[in-house]
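Open the model in your viewer and keep the sequence panel beside it. The stops below give what to select and what is found there.

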Amino acid sequence: MSTYSVSDTTAPRTAASFINLRDGSYGVGLAASLAWLAFGLSCLYWPDVGDWSRTESLGIGAIVIAAFILFGTVSADYLGGAGQALRKRAPWLVAFGAFVTVWEVATAKFAWLPLPFFPPPQAILEVYTDDLPKLLDSVFASVKLQLGGYLIGATVGFVTGVSIGWSQRVGYWVHPVLRFIGPLPATAWLPIAFFTFPSSWSASTFLIALATGFPVTVLTWSGVASVSSAYYDVARTLGAKPSFLVLKVAIPAALPHVFVGLFMGLGSSFAVLVVAEMIGVKAGLGWYLQWAQGWAAYANMYAALIVMSLLCSGAITLLFRTRDRLLVWQKGTVKW
């Protein structure tokens, strides 16, 4: 007859059984470390087909990343939130490490991809080290132009949307104009803008503001118009004035729609920013892209695209965090 003991179910786990429970996360972490180690070794001990001065630095950096991943994987239980973040992103670290290894082999080692159209990773690293001043000047010019146009467009769009949603008289006059101007792409106004405004900078600011203002106006208008009349009735019962109804009832209730418009306007404004800088403005990342393409400096072009992607992602992240602070009940519903 078999016997049952409580100690059988409550006995402490051995170290081996605990490690077995972690085999999945440890395995993925070790795979990520090996992928980055392979990338580093391919840079250091495999000769390049071209002359790139940052191959050795890139290889050493990759090996350092592999060491950090290995340390984080082994010590994940003692690193708190950092360890959990590493486990969560370990599959992406494996994929990215494998990607850069294949990229390195296919470009710098065997030239399977034609140069200069597909530069190796160390060529892009050279751009960030050797051409950093010009790239930073372009980033600063783009951020200044984008921020100015976006803030103007978002402010005007917000005020216009609230006015249309609250006042039928304003809607009567503004709505037809909005239907005529709004659906047109902002880039279609390029010839008129550069002819009308005194400088290409002011014309580009206008185009970015126009691209931002239309979605913000429409979504803000929709949010104000969709506020339940019961909210207004309760506020009026308590003696609220029209200004209170707009500022404390209509606008807070419409904020979810407003942020959707801000997100849409942000994407549109970045698209217009690049086009405007390529055509009229003599500074910025769009201008840098055109300059790099004209000189067949494709490594510079890819480096600028990476910076532009990081800037766009950072701006969206900042907007998401602002939304999460203002709209606490929607925090975590959509993550970026």
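Start by selecting G157, which is buried, with a relative accessible area of 1%. The model is a predicted one, and G157 sits in helix α7 of it. Show the surroundings of G157: leaving out residues up to four places away in sequence, it touches G213, V216 and T217. Then draw a distance from G157 to S309, 152 residues apart along the chain; their C-alpha atoms are separated by 25 Å.

Next, select G261, in helix α12. Is G261 buried or exposed? G261 is buried, with a relative accessible area of 0%. Not counting residues up to four places away in sequence, its contacts are P215, V216 and L219. V216 is thus a name to keep on screen: it is touched by G157 and by G261. Measure in the viewer from G261 to G213, and the C-alpha atoms come out 8.7 Å apart, with the two positions 48 residues apart in sequence.

**The nonpolar cores**

Now select L207, F259, L262, V272 and L319. These are the residues with the most contacts inside the largest nonpolar core, which has 23 residues. Which elements give two or more residues to this core? They are α7 (132-166), α9 (190-196), α10 (200-225) and α12 (242-279). Colour α12 separately, as it gives the most, with 8 residues.

Keep L319 selected and show what lies around it. L319 touches Y150, F259, L262, F263 and L266, with residues up to four places away in sequence left out. Of these, F259 and L262 were also on the list for the core itself.

Clear the selection and pick W52, Y288, A297 and M308. They are among the residues of a second, separate core of 20 residues. As background, nonpolar side chains tend to be buried together in soluble globular proteins.

**The loop between α5 and α6**

Move to the loop between α5 (81-109) and α6 (121-130), where P116 has its place. Select L115 together with P116: the peptide bond from L115 to P116 is cis, with omega near 5°. Stay in the loop between α5 and α6 and select A111, which is also found there. A111 is not a glycine, yet it has a positive phi of about 55°. For reference, most residues other than glycine have a negative phi, and most peptide bonds are trans. A111 is partly exposed, with a relative accessible area of 35%.

**The loop between α13 and α14**

Go on to the loop between α13 (285-294) and α14 (298-326), and select A296. What is the phi of A296? It is near 60°, a positive value in a residue other than glycine. A296 has a relative accessible area of 37% and is partly exposed.

**Helix α3**

Select S42, which is placed in helix α3 (residues 23-45). S42 counts as buried, at 6% relative accessibility. Show the contacts of S42: with neighbours within four places in sequence set aside, they are E104 and K109. Then draw a line from S42 to G80. The two are 38 residues apart in sequence and 33 Å apart in space, C-alpha to C-alpha.

**The whole chain**

Finally, zoom out and colour by secondary structure. How many helices and strands does the protein have? There are 14 helices and 0 strands, so the cartoon should show a run of α elements from the N terminus on.

Turn the model to view its outline. Along the principal axes, the C-alpha atoms fill a box of roughly 80 × 75 × 30 Å. The protein has a radius of gyration of 28 Å, whereas a compact globule of 336 residues would have one near 20 Å.

Switch on the surface. The protein exposes about 19,500 Å², and carbon and sulfur atoms supply 70% of that area. Of the 336 residues, 38% count as buried. Among contacts between residues at least 6 apart in sequence, 70% join residues at least 24 apart.

As a last step, colour by charge. The protein has 20 positive and 14 negative charges, and the mean positions of these two groups are 19 Å apart.

Definitions and conventions. Residues numbered from 1 in each chain as written. Heavy atoms only, no water. Core = buried A, V, L, I, M, F, W, Y, C linked by side-chain atoms within 4.5 Å. Buried < 20%, exposed > 50% of the residue type's maximum accessible area, 1.4 Å probe, protein only. Helix = DSSP H or I, 4+ residues; strand = E, 2+ residues; numbered from the N terminus. Contact = heavy atoms within 4.5 Å. Rg over C-alpha atoms; globule rule 2.2 N^0.38 Å. Areas by Shrake-Rupley, 256 points an atom, 1.4 Å probe, with all protein chains shown as cover. Lys, Arg positive; Asp, Glu negative; His and termini not counted. Charge placed at Lys NZ, Arg CZ, Asp CG, Glu CD.
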